[in-house]
Amino acid sequence: MSDVVTALDGATFNGTIAVEDAGLTGMITLRGDFASTSFQNAVTGVSGVNFPGKGEVNSVGDRGLAWMSPDELLMIVPYDQTNAALAEITENLGEEHHLAVNVSDARAVFRLRGNGNVIREVLAKLTPADLRVAALPTGRVRRTRLSQVPAAFWFSAEDEATLICFRSVAEYVFGLLRQSAAEGSEIGYF
Amino acid sequence: MLILTCPYCGVDCDETELGAGGEAHLKRHGPGSTDEEFESYIFQRENPRGVHFERWRHAMGCGKWFHAARDTATLEVFGTYVAQAFEPPQEIKDKITAKRPGWTWRDVA
């Protein structure tokens, strides 16, 4: 079998914050009726975390559920369990109208570590999203754009953020983050 | 700069995160309509200086379409509401009336 790698193959950068390729991450895009109990049960049963409220992300270890839109979720699972999780969802939902797709290899995931205020500043230089703690507390996901491309990010802890973008623009986003986190570029706004 | 609140996500989105969808509440005139109705549906648009209703899409976000009521001259936003509305909700109309007494837009007032 071919050697599976991420777009950036483990690249890291250390500037005002640490930017690293989060490595292979299993991701499943799910669409369905959030009001349906069977949908909720199927999703939480497979992911092992609580169903997220509007704009929230719930995660336990390397599993999680992120609210993407009123009818879309992103499920995060260990990479090698993605297909098994997908099969389980499809089986649990049966005939119920839904969509579940393995998008693991279509996305790139970054981990940003460092001082929380500096992480917020690094992101704020690239996106119009409100990054104040009041607007984006830990556990809240924000889909927005990063310079010219769509991205989503959330703080899993005040000193760690996860950022997801399309795989095809991973190199571009890494370049943006490198520049935004360059030594000596601190503003100290937050 | 225009900041609209997406009624689906509840987040404040910058104009650059959104896709503009043109005038709101157009009624489609398709096969069987008169030439005048079809022309009006395709070409005739409001271009007011003041209260205006528009469609926007939260393109770099949840991807949903929604409606917005704003003032084209001052960029003041009166509110946003779901795409499934056939006309502006009363609550939005009341807000506009409070700030722009006597406003009209097409046959809405």
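**Salt bridges between the chains**

I began with the charged pairs between the two chains of this predicted model, and the count between chain A and chain B came to 2 salt bridges. One of them I followed to its side chains: A:Asp71 meets B:Lys64, with 3.0 Å from N to O. I then looked for polar contacts, and across the interface of chain A and chain B the rule gave 6 residue pairs, both residues of each being at pLDDT 80 or more.

Which strands of chain A supply at least two residues each to the side that touches chain B? I noted strand 5 (63–69), strand 9 (141–146) and strand 10 (149–157) of chain A, and strand 9 of chain A gives the most, with 4 residues. Sorted by class, this side of chain A has 7 nonpolar, 3 polar and 6 charged residues.

For the interface as a whole, I recorded 16 residues from chain A and 14 residues from chain B in the contact. The area buried between chain A and chain B is about 1,100 Å², and carbon and sulfur atoms give 55% of that area.

**A:Asp71 again, within chain A**

I next searched the whole structure for salt bridges and found 16 over all chains. A:Asp71, which I had already met in its salt bridge with B:Lys64, also forms a salt bridge with A:Arg31, where the closest N and O atoms are 3.0 Å apart. This second pair links distant parts of the chain, for A:Arg31 lies in strand 3 (residues 26–31) of chain A and A:Asp71 in the loop between strand 5 and strand 6 (72–77) of chain A, 40 residues apart. I kept in mind the general point that side chains of opposite charge can pair when their charged atoms come close.

**The six-stranded sheet of chain A**

In what order do the 6 strands of the open sheet in chain A run? I read the order as 1-2-8-11-10-9, with antiparallel pairing. The edge strands, each pairing on one side only, are strand 1 (12–14) and strand 9 of chain A, and the twist averages 20° from one strand to the next. Strand 9 of chain A is thus an entry I had made before, as the strand that gives the most to the side of chain A touching chain B.

I went through several of the pairings along this sheet:

- Strand 1 of chain A pairs with strand 2 (residues 18–21) of chain A in the antiparallel sense over 3 bridges, and here A:Asn14 stands opposite A:Ala18.
- Strand 2 of chain A is joined to strand 8 of chain A by 4 bridges, the two running antiparallel, and A:Asp21 has A:Phe110 in strand 8 as its bridge partner.
- Strand 8 of chain A pairs with strand 11 of chain A over 7 bridges, again in the antiparallel sense, and A:Ala108 stands opposite A:Cys165 in strand 11.

Two helices were looked up against these strands. Helix 3 (residues 116–124) of chain A lies across strand 8 (107–113), strand 9, strand 10 and strand 11 (160–166) of chain A, and runs at about 175° to strand 10 of chain A. Helix 4 (residues 170–180) of chain A packs on the sheet and touches strand 1, strand 2, strand 8, strand 9, strand 10 and strand 11 of chain A, its direction making about 15° with that of strand 8 of chain A.

**The hairpin of strands 4 and 5 in chain A**

I turned to strand 5 of chain A, which pairs with strand 4 (residues 57–60) of chain A in the antiparallel sense over 4 bridges. A:Asn58 stands opposite A:Leu65 in strand 5 of chain A. Which residue of this hairpin takes a positive phi? I found A:Gly61, with a phi near 60°, in a hairpin that has 2 residues between the strands.

**The four-stranded sheet of chain B**

In chain B I noted an open sheet of 4 strands in the order 3-4-5-6, with antiparallel pairing. Its edge strands are strand 3 (19–23) and strand 6 (77–82) of chain B, each of which pairs on one side only, and the twist averages 30° from one strand to the next. Strand 3 of chain B pairs with strand 4 (residues 51–57) of chain B over 3 bridges, and B:Glu23 stands opposite B:Glu54 in strand 4. Last, I placed helix 2 (residues 90–99) of chain B, which lies across strand 4, strand 5 (65–71) and strand 6 of chain B and runs at about 170° to strand 6 of chain B.

How values were computed:
Residues are numbered from 1 along each chain as its sequence is written. Chains are lettered from A and ligands numbered from 1 in the order in which they are written. This is a predicted model: local features need pLDDT of at least 70, side-chain atom pairs count only at pLDDT 80 or more; totals for chains, interfaces and linings use all residues. Side-chain values use heavy atoms; hydrogens and water are left out. Contact means heavy atoms within 4.5 Å. Buried area is the accessible area (1.4 Å probe) that two parts lose on being put together, summed over both. A salt bridge is a side-chain nitrogen of Lys or Arg within 4 Å of a carboxyl oxygen of Asp or Glu. A polar contact is a pair of N or O atoms within 3.5 Å; within protein, one must be able to donate a hydrogen and the other to accept it, and residues adjacent in sequence count only if both atoms are side-chain atoms. Ala, Val, Leu, Ile, Met, Phe, Trp, Tyr, Cys and Pro count as nonpolar, Asp, Glu, Lys and Arg as charged, and the others, Gly among them, as polar. Two strands pair if DSSP finds at least two bridges between them. Axes are lines fitted to C-alpha atoms, for helices over the stretch in contact, and angles run from 0 to 180 degrees between N-to-C directions.
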